[in-house]
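Thanks for sharing this one with me. Here are my notes, written as numbered points so that you can take them in any order.

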Amino acid sequence: MSRQRIIAFLTALAVAVGLALLIPMASTASAATCTTAWNSSSVYTGGMTASYNSHNWSAKWWTQGETPGSADVWADQGACGSGGTTGGGSGCSYPAWAQGHNYVTGDIVTYTNGNYYIATHDNPGYDPTISTWFWSPYTCGSSGGSTGGGNPPPGGFVVTEAQFNQMFPSRNSFYTYSGLTAAMSAYPAFATTGSDTVKKQEAAAFLANVSHETGGLVYITEVDKSGNYCASEPYGCPAGTYAYYGRGPIQLSWNFNYKAAGDSLGIDLLDNPSLVETDPAVSWKTGLWYWDTQTGPGSMTAHNAMVNGAGFGETIRSINGSIECNGGNPAEVQDRVAAYQRFVQILGVPAGNNLSC
């Protein structure tokens with residue numbers, strides 16, 4: 001080959017390589033088909049699969065209510081379907097909403113208008129802008145991304161799923177972490193007010209009282225359901241005289257509390273009190289409703305007690321102070337305090353002052 005031909009060949013090769021660097025290579029890989037959507041109430045055994053947040057997952061062993069991507073029970077089998085879209089910046093990446101796709105409580109999607117929405121109840125692909133009981137607007141924070149493992153969940157809840165599981169190792173699968181984080185959209189001030197320490201102290205205080213009320217998130221309803229919680233009110237007790245027994249994380253009781261909580265949340269709990277024991281997000285919302293809005297026998301809400309420095313003892317007073325505080329039942333008070341001290345230790349913050357009532 002002549003010297004001129006060699007030079008021409010090398011020049012052409014250099015141009016070709018340069019063009020190749022400038023033109024992105026088209027990917028020949030395509031995402032797998034999504035298997036049946038994960039359902040929080042379904043039981044999965046080793047080898048069974050489910051799809052969640054545009055990924056297929058395979059169960060390693062028996063599980064129920066454990067969100068795919070959390071702890072070690074689920075193995076990620078890779079992206080499926082469209083593989084998701086990245087919306088709106090802030091480091092967030094959530095799949096596009098798809099009509100007819102089954103969503104579970106806690107799923108986050110990007111809608112066609114570019115906004116994010118979080119599922120507050122399981123639904124078969126309802127439109128987030130129309131079916132507002134099933135979806136709530138979601139503000140995408142800088143943390144974004146997955147809720148799995150030890151990372152903070154969407155919305156920045158200060159308790160990770162791993163820490164939640166550590167706090168409640170024997171919890172009933174009904175009390176899902178995704179149900180709690182979805183419920184927080186109804187009361188956005190919860191565990192987001194004040195310094196990082198105060199946020200964690202409030203979360204620990206709420207979960208400690210919840211632990212006491214439910215035996216470590218074991219009981220969904222009170223053990224003895226024979227009591228009459230039907231107070232004389234103009235609206236009466238349409239679900240039945242004995243239908244308003246304690247349910248949920250703070251054991252919502254009495255017809256007037258079901259009425260008030262339902263009115264606040266936009267849910268008819270007076271006629272349908274059983275929602276508190278069948279829908280995890282509704283159940284958690286009733287607990288947060290009481291925490292953020294009710295003073296009970298105390299002088300302030302439990303939320304205000306924690307963010308304004310009154311101390312954990314005042315949260316006990318707001319929840320059951322007329323029976324337990326001022327020497328009424330010191331053993332019950334100590335059980336709440338002990339749970340709070342364990343939980344702040346898990347979260348790595350001090351317990352603060354005024355622990356007892």
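The points below go through the pocket, the salt bridges, the backbone, the contacts between distant residues and the surface.

1. A word on the source before anything else. This is a predicted model, so please read each point below as a statement about the prediction.

2. Let us begin with the largest pocket, which holds about 550 Å³ of space. Its lining is made up of 22 residues. Those that lie nearest the centre are E213, I250, Q251, I319 and N320. If you want a place to centre your view, these five names are a handy choice.

3. Which helices supply the lining of the largest pocket with at least two residues each? They are α4, α7 (280-293), α9 (312-324) and α10 (330-347). Of the contributors, α9 gives the most, with 5 residues. By character, the lining divides into 11 polar, 7 nonpolar and 4 charged residues.

4. Now to the salt bridges, of which the whole structure has 6. One of them joins the side chains of R336 and E213, with an N to O distance of 2.7 Å. Because R336 belongs to helix α10 and E213 to helix α4, this pair ties together parts that are 123 residues apart in sequence. The two ends differ in exposure: R336 is buried, at 0% relative accessible area, while E213 is partly exposed, at 21%. With a cut-off for buried of under 20%, E213 at 21% is therefore counted as partly exposed. Recall that E213 is also among the residues nearest the centre of the largest pocket.

5. R336 has another salt-bridge partner in E324, and here the N to O distance is 2.9 Å. This pair links distant parts of the chain, with E324 in helix α9 and R336 in helix α10, 12 residues apart. Both E324 and R336 are buried. Through shared partners, the salt bridges join E213, E324 and R336 into one network. I would suggest looking at this trio as a unit, given that network.

6. A salt bridge inside one helix is also worth a look. E314 pairs with R317, and their closest N and O atoms are 3.5 Å apart. Both residues sit in helix α9, and because they are 3 residues apart there, about one helical turn separates them.

7. Next, the backbone. Most residues other than glycine have a negative phi. Q251 has a positive phi of about 50 degrees although it is not a glycine. Q251 is placed in the loop between α4 and α5, and its relative accessibility of 12% is why it counts as buried. You have already met Q251 as one of the residues nearest the centre of the largest pocket.

8. N326 also has a positive phi without being a glycine, with a value near 55 degrees. Its place is in the loop between α9 and α10. Is N326 buried or exposed? It is exposed, with a relative accessible area of 65%.

9. Some residues that are far apart in sequence come together in space. V159, in the loop between β8 (135-138) and α2, has its C-alpha atom 7.2 Å from that of L347, although 188 residues separate them along the chain. V159 counts as buried, at 0% relative accessibility. F174, in the loop between α2 (161-167) and α3 (177-183), is 103 residues from E277 in sequence and 8.5 Å from it in space, C-alpha to C-alpha. F174 is buried too, at 11% relative accessibility.

10. A further pair of this kind is P330 and S356, which are 26 residues apart in sequence and 9.0 Å apart in space, C-alpha to C-alpha. P330 lies in helix α10 and counts as exposed, at 56% relative accessibility.

11. Last, the surface. V218, Y219 and V223 make a nonpolar surface patch of about 290 Å². V223 lies in the loop between α4 (196-214) and α5 (255-265), and its 67% relative accessibility is why it counts as exposed. Q251, from point 7, is placed in the loop between α4 and α5 as well, but counts as buried.

Key:
Residues are numbered from 1 along each chain as its sequence is written. This is a predicted model: local features need pLDDT of at least 70, side-chain atom pairs count only at pLDDT 80 or more; totals for chains, interfaces and linings use all residues. Side-chain values use heavy atoms; hydrogens and water are left out. Patches are made of residues with over 30% relative accessible area and no salt bridge: like charges are joined within 9 Å, nonpolar side chains (Val, Leu, Ile, Met, Phe, Trp, Tyr) within 5 Å. Accessible areas come from the Shrake-Rupley method with a 1.4 Å probe; for residues, only the protein chains shown count as cover. A salt bridge is a side-chain nitrogen of Lys or Arg within 4 Å of a carboxyl oxygen of Asp or Glu. Helices (H or I, at least four residues) and strands (E, at least two) are DSSP runs, numbered from the N terminus. Buried means under 20% relative accessible area, exposed over 50%, partly exposed in between (1.4 Å probe, protein chains only). On a 1 Å grid over the protein atoms alone, a cavity is a set of points where a 1.4 Å probe fits but cannot get out, and a pocket is an open set with protein on both sides within 12 Å along at least five of seven lines; lining residues have an atom within 4 Å of a point. Grid points are joined across faces, edges and corners, and a volume is the space filled by probe spheres set on the points. Ala, Val, Leu, Ile, Met, Phe, Trp, Tyr, Cys and Pro count as nonpolar, Asp, Glu, Lys and Arg as charged, and the others, Gly among them, as polar.
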